[in-house]
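Please walk through this structure with attention to its charged side chains and to the helices that carry some of them.

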Amino acid sequence: MARVAPALEDVVADHAFAPLARRPAARAHKAFVHLFHAVKAMNRDDAPFVAQFVASTRGEGASAVAAGFAEAAAAQWGGSVLLIDCATPDPSAVAPFRPAPQSLAEAFARKISPQGGAQAALQSAVQPATSRGGVVLARLTAAEGAFSRLDLSDLGRLLDAARQVFPIIVLDCPPPSESPESLALARCCDGTVLVVGAGEASRSRVLQTRADIERAGGQVLGCVLNKARSYAPRWLIRRL
């Protein structure tokens, strides 16, 4: 993945991909397609890549953006895209997908099939998304604290195994302020997309998150302004 010039005076204005959400479904899908091509353009070698999606605070829509990106990527690429939920499972939460019961970390640690090795273990922990064509779902860990028991080199090997099966891997990660593990994941990814909810996080918090990711060894590819309202007249929007 090609590196992006890091000079950012205004993290949204200078490093933004496109505003998303608060728009009809067809236009939202078009915005995700544009986002996919913007990220893909940085992958000059057309190699399999891992993209992390994360926000500075909860509620900015990182999960929705990650899912929309994964769906658009599957449609544009023409193959399966792996979407990994990296948050600790919350039994009371209503998730848009239902990942397989076994987590990737568990399957990889057990190496379910000695003959198939890491790739067979990977396949045992994924399942297709019923409502999103081409998207395959997985959960990184199944219990609180499980991630901390993962060695960084093991995590790197797990993602390398995923690259052998899927051309695009999308990590849906919680905010680093709530889950420092997201910073470790940033180091293992080819790039991070920082989701900024309009009116949700302060500029200083967004810049701090970006600095934390880069300090951890990650690469911020750009920002997505989510939940942006459009004040253009309807007749003009229809022509866009």
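A residue is called buried when its relative accessible area is under 20%, exposed when it is over 50%, and partly exposed in between, using a 1.4 Å probe and protein chains only. This is a predicted model, in which local features need pLDDT of at least 70 and side-chain atom pairs count only at pLDDT 80 or more, while totals for chains, interfaces and linings use all residues. Residues are numbered from 1 along each chain as its sequence is written, and side-chain values use heavy atoms, with hydrogens and water left out.

Arg210 counts as buried because its relative accessibility is 12%, whereas its partner Glu214 is partly exposed at 32%. These two form a salt bridge (a side-chain nitrogen of Lys or Arg within 4 Å of a carboxyl oxygen of Asp or Glu), with the closest N and O atoms 3.6 Å apart. Both lie in helix 7 (residues 203–215), four residues apart, about one turn of the helix; helices here are DSSP runs of H or I with at least four residues, strands are runs of E with at least two, and both are numbered from the N terminus. An α-helix has 3.6 residues a turn, so residues three or four places apart point the same way. Helix 7 also holds Arg215 and Asp212, three residues apart, whose side chains meet in a salt bridge at 2.8 Å, N to O.

Six salt bridges are present in the structure. One of them joins Arg163 and Asp190 at 3.1 Å, linking helix 5 (residues 152–165) to the loop between helix 6 and strand 7 (191–197).
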